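Dear colleague,

I am handing over the structure below for your consideration. My findings follow directly after it.

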Amino acid sequence: MIEEGSKRGKAMVEKRQLFMEMRAQNFDVIRLSTYRTACKLRFVQKRCNLHLVDVWNMIEAFRDNGLNTLDHNAEINVSRLETILSSIYYQLNKRLPTTHQINVEQSIGLLLNFIVATYDSESHGKLTVFSMKAMLATMCGGKIVDKLRYIFSQISDSSGIMVFAKFDQFLREVLKLPTAVFEGPSFGYTEHSVRTCFPQQKIMLNTFLDVLMADPPPQCLVWLPLMHRLANVENVFHPVECSYCRSESMMGFRYRCQQCHGYQLCQSCFWRGHANGPHSNQHQMKEHSSWKSPAKKLSHAISKSLGCVPIGEQPHPVFPEQAERPQELTHTVVLESPSRLDEEHRLIARYAARLAAEAGNSTQQCPPTDLSFNFDANKQQRQLIAELENKNREILQEIQRLRLEHEQASQPTPEKAQQNPTLLTELRLLRHRKDELERRMSALQESRRELMVQLEGLMRLLKDEEQKQTSQSGGSPHSSPSHGAGCSMPMPIRSTSAGSTPTHTPQDCLEGVGGDVLEAFAQGVPRNLRNDLLVAADSITNTMSSLVKELHSVDDGGEDDETNMRNGGDRGRSTGTMRVPKH
């Protein structure tokens with residue numbers, strides 16, 4: 001007893017699961033009953049994955065499960081209904097990609113509980129074939145015009161005229177859907193619903209479509225086209241700011257006030273009756289299901305004014321009242337008792353025998369030359385495919401070879417450089433230039449060495465003269481004023497060979513010096529010989545540095561020679577160069 005009670009409680013929870021999830025969406029805050037009903041039924045459709053099943057797949061499932069041979073008033077039990085729903089969802093999973101598979105068991109359970117709660121409220125365990133067809137054809141995916149065409153085929157006679165009694169039965173069954181989502185007071189069934197939809201007597205297919213797809217449609221079915229429009233605009237983006245919630249963009253419907261300039265609302269604010277500023281809920285609003293830029297609006301208006309766009313468009317294509325081509329019914333076998341299983345097996349056997357006989361006749365009538373021609377054609381096609389595959393492989397190999405050659409050419413090696421005569425000529429010119437610069441550098445180093453020798457000699461002479469002056473000044477410590485006025489005061493000189501900085505006159509320092517030095521100091525303006533020599537040494541050093549830089553820019557490969565030359569220059573500079581700061 002406890003287990004049965006737990007199972008019964010679990011079944012009740014499963015039956016109420018869909019309605020509990022629908023209440024959690026808080027659809028009841030929507031002010032307008034039409035939008036509220038359409039949103040609730042759209043939620044049921046998506047939650048049960050019926051929006052993925054097209055109406056043509058649903059019709060095929062009806063035929064595969066043998067529902068076309070049953071009368072509309074025939075009853076089926078819940079177990080057979082579950083079998084039909086299982087075939088629908090398993091076929092759907094075969095059509096969907098592996099990444100978009102659905103939970104079949106959950107979808108079957110939710111839809112089965114919803115159908116039972118809608119059409120078997122008294123828990124008889126049975127429902128009619130027509131109620132199941134009407135519910136699944138209405139709630140499945142696809143175009144509304146295809147759904148209405150199928151529904152008309154179920155409620156019309158053989159001459160293509162609608163039977164009012166069957167349409168009344170259809171309204172009874174389809175209007176149970178709003179009642180199931182607690183919208184019965186707004187869209188419940190009444191006895192006058194049929195005449196309010198079709199006051200005339202003879203209704204054909206095009207008239208039926210015109211009435212149900214009109215704007216506005218009949219009041220009892222106004223939620224049906226709105227549910228399809230909701231499905232079409234779920235992913236529509238409007239780059240417009242809502243005038244109430246200030247959202248920078250909108251999804252779904254967009255509503256524009258016809259009295260307040262530039263006042264627009266998103267579907268959430270409009271459905272809940274929000275308004276601010278001078279706008280009122282009594283103002284007329286226009287519903288937009290798409291966004292058009294101002295440029296597109298202008299071009300459309302110009303095209304419409306020029307007659308390029310038809311002003312009045314049909315809401316649906318006009319269908320012929322009768323079939324344009326007569327159906328081929330020569331192989332149709334009429335069953336005297338289609339309800340019996342043995343008659344069905346006998347019918348299948350007769351069809352198989354007829355097909356086998358037709359296949360044998362077509363084989364006998366086909367001449368051997370045609371067969372050989374077909375075989376030859378197939379053989380030629382296979383040979384052509386093989387040749388194309390071989391050529392494709394050769395092209396791929398050639399592409400690979402060219403890629404390797406390009407990679408090798410982009411990375412030059414020394415062996416390839418030696419094979420290039422232009423590179424060899426440039427290398428020879430660079431070597432010749434290097435040798436010439438090295439010779440010039442060696443000559444400059446020799447000249448510098450000679451200057452350093454002369455500088456050393458002059459330093460010794462200066463030292464000897466200073467010693468003589470020191471010995472003479474020992475006898476006469478005070479010099480005469482006339483001697484101090486006749487000789488100009490020289491600049492003090494700092495030498496590395498002498499620790500003191502004595503002063504002397506240029507005339508005294510020139511004794512014992514060669515003719516070049518005398519000639520250099522023969523001008524009237526007194527000069528400092530030591531400073532001039534040091535300046536000459538610095539200019540030579542700068543010239544050598546510029547030559548080293550030029551050698552380094554010409555021959556990048558001769559880094560070792562350049563290092564040696566720099567080292568030689570540094571050693572000569574450290575031994576022979578004496579920098580004298582000027583005071």
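In this predicted model, R254 has C266 in strand 6 as its bridge partner. A further pair joins Y255 to L265, which stands opposite it in strand 6. These contacts belong to the pairing of strand 5 (residues 254-257) with strand 6, which is antiparallel and runs over 3 bridges. The two strands form a hairpin, with 6 residues between them. Within the turn, G262 has a positive phi of about 70°.

Strand 5 also pairs with strand 7, again in the antiparallel sense, over 4 bridges. Here C257 stands opposite M285 of strand 7.

Taken together, 3 strands make up an open sheet with antiparallel pairing, in the order 6-5-7. Strand 6 (264-266) and strand 7 (285-288) are at the edges; each has a single partner strand, so one side of each is left without a neighbour in the sheet. On average, neighbouring strands of this sheet are turned by 25° against each other, direction ignored. As general background, strands of a sheet pair through backbone hydrogen bonds.

A separate finding concerns the surface. I395, L396 and I399 form a nonpolar patch there, and together they have about 270 Å² of accessible area. Of these residues, L396 is found in helix 17, which covers residues 368-409.

Yours sincerely

Methods
Residues numbered from 1 in each chain as written. Predicted model: local features only at pLDDT ≥ 70, side-chain atom pairs only at ≥ 80, totals over all residues. Heavy atoms only, no water. Pairing = 2+ DSSP bridges. Axes fitted to C-alpha atoms, helices over the stretch in contact; angles between N-to-C directions. Patch = residues over 30% accessible without salt bridge, like charges linked within 9 Å, V, L, I, M, F, W, Y side chains within 5 Å. Areas by Shrake-Rupley, 256 points an atom, 1.4 Å probe, with all protein chains shown as cover. Salt bridge = Lys/Arg side-chain N within 4 Å of Asp/Glu carboxyl O.
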